[in-house]
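Subject: Structure handover

Hello,

Here is the structure I promised to pass on. Please open it beside this note; my findings follow below.

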Amino acid sequence: MIEAFAPAETTPVRLVRPADLRRHQRVKVALLGRYMLADRREYPCQTVDMSPGGVRLTCAVLGELDERVVLYLESIGRIEGVIARFPSGGMAVRLNATQRKRDKIASQLTWISNREALGLPEGRNHERLTPQETGVLLRLENGREVAARIIDVSMSGVALSTQAHPPIGTSLMVGRTPGRVVRYFEGGIGVGFMLPISPDLFHEGLTL
């Protein structure tokens, strides 16, 4: 006699809806970025959680309450706001944005949250360009230096033509820019930057 087994239960994935985020539900997202204070000093940061109306950051340098802040966050882009409070380890920024911009942020956060929940690949979210100077030197963790050619670059990473194939996750310097190996392709590697390139430096004349 063949015994019938009930199908194994799976835990359903709870996806975020844009409509929920438009009501300023916060979602936990860890996005690398940079922020500029009112005196034009610029520093790296990482998000802790975010909604279309505000974002909580982990950062080392704090501004003043109600100080204007300009943020650049990977996968989100440029946004502005004012410092609202100082939670442990950083600061919370209240965003200044039109309803259209808030709706766009809601859609971006929805995609990011659901991508992580479903284990989807990140994809290419940033504009890419080929700089005028494509030659660059890679410096590996063991001190070895390898010549490479830039195929294209975004604010968050670079595709390189090179004979070197360090293991995925390896830290290295692309010129003077720190990053880590995130993928292979025929004839080269993809490197994600530790911090995104500042928007004002992202042009065809950039040097890594």
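Of the 208 residues in the chain, 44% are buried. Keep in mind that this is a predicted model. The accessible surface of the chain comes to about 12000 Å². Carbon and sulfur atoms hold 52% of that surface.

The chain has two helices and 13 strands. Now look at its contacts with a separation of 6 or more: 53% of them link residues 24 or more positions apart.

**The barrel**

Start with the barrel. Six strands close into it, in the order β8-β9-β10-β13-β12-β11. Their pairing is antiparallel. From one strand to the next, the twist averages 45°.

One pair in the barrel is worth a closer look. Strand β10 covers residues 157-161, and strand β13 covers residues 188-193. Five bridges join the two, and they run antiparallel. To find the pairing on screen, go to V158: V191 in β13 stands opposite. As general background, strands of a sheet pair through backbone hydrogen bonds, either parallel or antiparallel.

**Strand β5 and its partners**

Next, go to β5, at residues 68-73. This strand is mostly covered, with five of its six residues buried.

β5 pairs with strand β2, residues 32-36, in the antiparallel sense. Four bridges make up that pairing. Here R34 stands opposite Y72 in β5.

β5 also pairs with strand β6, residues 77-85. These two strands run antiparallel as well, joined by six bridges. L73 stands opposite G77 in β6. β5 and β6 form a hairpin with three residues between the strands. Check the backbone at S75 in this hairpin: S75 takes a positive phi near 70°.

**A nonpolar patch**

Last, the surface. Which residues form a nonpolar patch there? They are L62, L65 and F86. Together they have about 270 Å² of accessible area.

L62 sits in the loop between β4 (54-58) and β5 (68-73). Is L62 buried or exposed? Neither: L62 counts as partly exposed, because its relative accessible area is 40%, and that class lies between the cut-offs of under 20% for buried and over 50% for exposed.

If you want a route through the model, take the barrel order β8-β9-β10-β13-β12-β11 to begin with. Then move to β5 and β6 with their hairpin, and end at the patch of L62, L65 and F86.

Best wishes

Note on methods:
Residues are numbered from 1 along each chain as its sequence is written. This is a predicted model: local features need pLDDT of at least 70, side-chain atom pairs count only at pLDDT 80 or more; totals for chains, interfaces and linings use all residues. Side-chain values use heavy atoms; hydrogens and water are left out. Two strands pair if DSSP finds at least two bridges between them. Axes are lines fitted to C-alpha atoms, for helices over the stretch in contact, and angles run from 0 to 180 degrees between N-to-C directions. Buried means under 20% relative accessible area, exposed over 50%, partly exposed in between (1.4 Å probe, protein chains only). Contact means heavy atoms within 4.5 Å. Accessible areas come from the Shrake-Rupley method with a 1.4 Å probe; for residues, only the protein chains shown count as cover. Patches are made of residues with over 30% relative accessible area and no salt bridge: like charges are joined within 9 Å, nonpolar side chains (Val, Leu, Ile, Met, Phe, Trp, Tyr) within 5 Å. A salt bridge is a side-chain nitrogen of Lys or Arg within 4 Å of a carboxyl oxygen of Asp or Glu.
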